[in-house]
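Hello,

Here is the model I promised to pass on. My notes on how its chains meet follow just below it.

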Protein chains: 2
Amino acid sequence: MKIAILLFDRFTALDAVGPYDVLSRLPGAEVVFVGESVGPVRNDAGSLRLVVDAELTEVLDPDIVLVPGGPGQTAHMSDGPVHQWLRLVDETSTWTTSVCTGSLILAAAGLLTGRRATSHWLALDNLTALGATAVSERVVHDGKYVTGAGVSAGIDMALTLAGIIAGDEVAQSIQLMAEYDPQPPYNAGSPATAPAELVTRFRESSRHPQPQPS
Amino acid sequence: MKIAILLFDRFTALDAVGPYDVLSRLPGAEVVFVGESVGPVRNDAGSLRLVVDAELTEVLDPDIVLVPGGPGQTAHMSDGPVHQWLRLVDETSTWTTSVCTGSLILAAAGLLTGRRATSHWLALDNLTALGATAVSERVVHDGKYVTGAGVSAGIDMALTLAGIIAGDEVAQSIQLMAEYDPQPPYNAGSPATAPAELVTRFRESSRHPQPQPS
């Protein structure tokens with residue numbers, strides 16, 4: 001089972017590594033990190049580098065495609081090599097998946113039109129504008145398209161997918177060995193539970209985005 | 001605030017990247033990945049490479065030291081450059097932290113003797129044998145030593161530490177932007193809740209470990 005994880009400049013590390021550390025433990029999993037060029041790619045904060053193993057054109061038949069999000073998503077919203085690759089591999093993939101604003105890339109490539117999907121809570125309107133039916137849920141399936149909400153939701157998305165692919169016992173084993181028994185010290189992980197003033201502040205700054213460092 | 005994250009061959013990726021993606025968002029955070037040599041380091045599954053930015057001897061004054069775990073921990077249980085570096089940076093660190101079996105490395109370096117600490121649920125006895133007081137909790141503080149349980153517990157450890165360092169509002173903001181509102185599809189993340197036969201199976205195989213690929 002070949003799993004291709006797309007990396008691009010200014011991706012969010014946990015978007016990719018959370019699901020990686022679940023899906024890579026599936027029996028027979030072979031993960032390859034793909035990108036426009038081979039070598040280290042910097043994350044959004046700039047201080048982490050993950051290595052791309054293969055160029056897009058070298059990986060044409062993954063069973064699972066995973067697209068993380070992050071601020072760098074904005075550079076992949078128009079047609080180009082990434083969209084062409086996504087449309088090509090989607091023709092034969094068993095599962096086409098995303099985490100966070102990775103769903104905006106899938107939608108912009110035309111793969112989520114009319115489909116139920118999710119994204120980071122601040123990006124749900126953008127997902128609607130790209131032709132998907134945006135759903136405010138942690139993990140959303142529509143046929144072979146499985147999308148996760150913001151950043152950390154990739155872990156739940158991947159465990160859900162692991163259960164579908166390999167059965168409950170395998171997924172539970174992966175969960176147990178990752179000791180995924182979350183106990184966040186605050187209850188601020190969603191706009192429904194976080195302090196209202198924080199939610200308002202982030203909504204306002206997302207409507208009036210600051211210039212991003214390039 | 002300088003944060004040094006130790007990488008070594010066959011580390012577990014989420015052990016390092018979960019806390020990274022929390023702590024790197026603290027105001028003024030500067031993260032550096034350190035290791036015995038600069039360049040890409042492979043994780044436990046072998047298919048992920050994170051880049052070490054600096055050799056141990058180049059980073060002598062981090063405010064926060066973080067040691068992840070993973071199968072490669074077993075190569076760092078006797079005295080050597082890693083232990084010497086840990087003891088040196090611990091002299092001036094504000095926080096010395098670990099995730100998963102990273103605490104076994106800290107303990108073997110002599111830094112947790114007589115201190116309350118935690119580790120992966122399968123490694124608590126090893127932690128006791130190394131002179132620490134092993135505690136089966138998700139996040140354990142003892143003075144400046146903050147240890148997290150297995151793999152995914154690093155996210156909770158880092159959010160707890162973020163709150164102590166920068167206050168509740170900053171920690172809650174990081175949690176909200178990471179949409180850390182976990183909804184695991186199974187309740188199998190701890191030996192207390194996972195199916196008993198899975199727990200037994202993993203306990204038995206950890207007592208009779210298979211030879212590891214090198």
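To compare copies, I superposed them by least squares on the C-alpha atoms of residues with pLDDT of at least 70 in both. Laid on chain A in this way, chain B fits with an RMSD of 0.0 Å after a turn of 180° and a shift of 0.0 Å along the axis. The two copies are thus related as by a two-fold rotation axis. Leu50(B) is the residue of chain B that comes closest to that axis, at 2.3 Å (C-alpha).

Some housekeeping: this is a predicted model, where local features need pLDDT of at least 70 and side-chain atom pairs count only at pLDDT 80 or more, while totals for chains, interfaces and linings use all residues. Residues are numbered from 1 along each chain as its sequence is written, chains are lettered from A in the order in which they are written, and side-chain values use heavy atoms, with hydrogens and water left out.

Now the interface. Contact (heavy atoms within 4.5 Å) links 64 residues of chain B with 63 residues of chain A. The copies meet through the same surface, because 98% of the interface residues of chain B are also interface residues in chain A. The buried area (accessible area, 1.4 Å probe, lost on being put together, summed over both parts) is about 5500 Å², and carbon and sulfur atoms give 59% of it. On the chain B side, Leu176(B), Glu179(B) and Tyr186(B) lose the most area to chain A, together 15% of what that side buries.

There are also 6 salt bridges between the chains, counted when a side-chain nitrogen of Lys or Arg is within 4 Å of a carboxyl oxygen of Asp or Glu. One of them pairs Asp53(B) with Arg49(A), with the closest N and O atoms 3.0 Å apart.

Best wishes

Technical notes
Buried area = accessible area lost by both parts, 1.4 Å probe.
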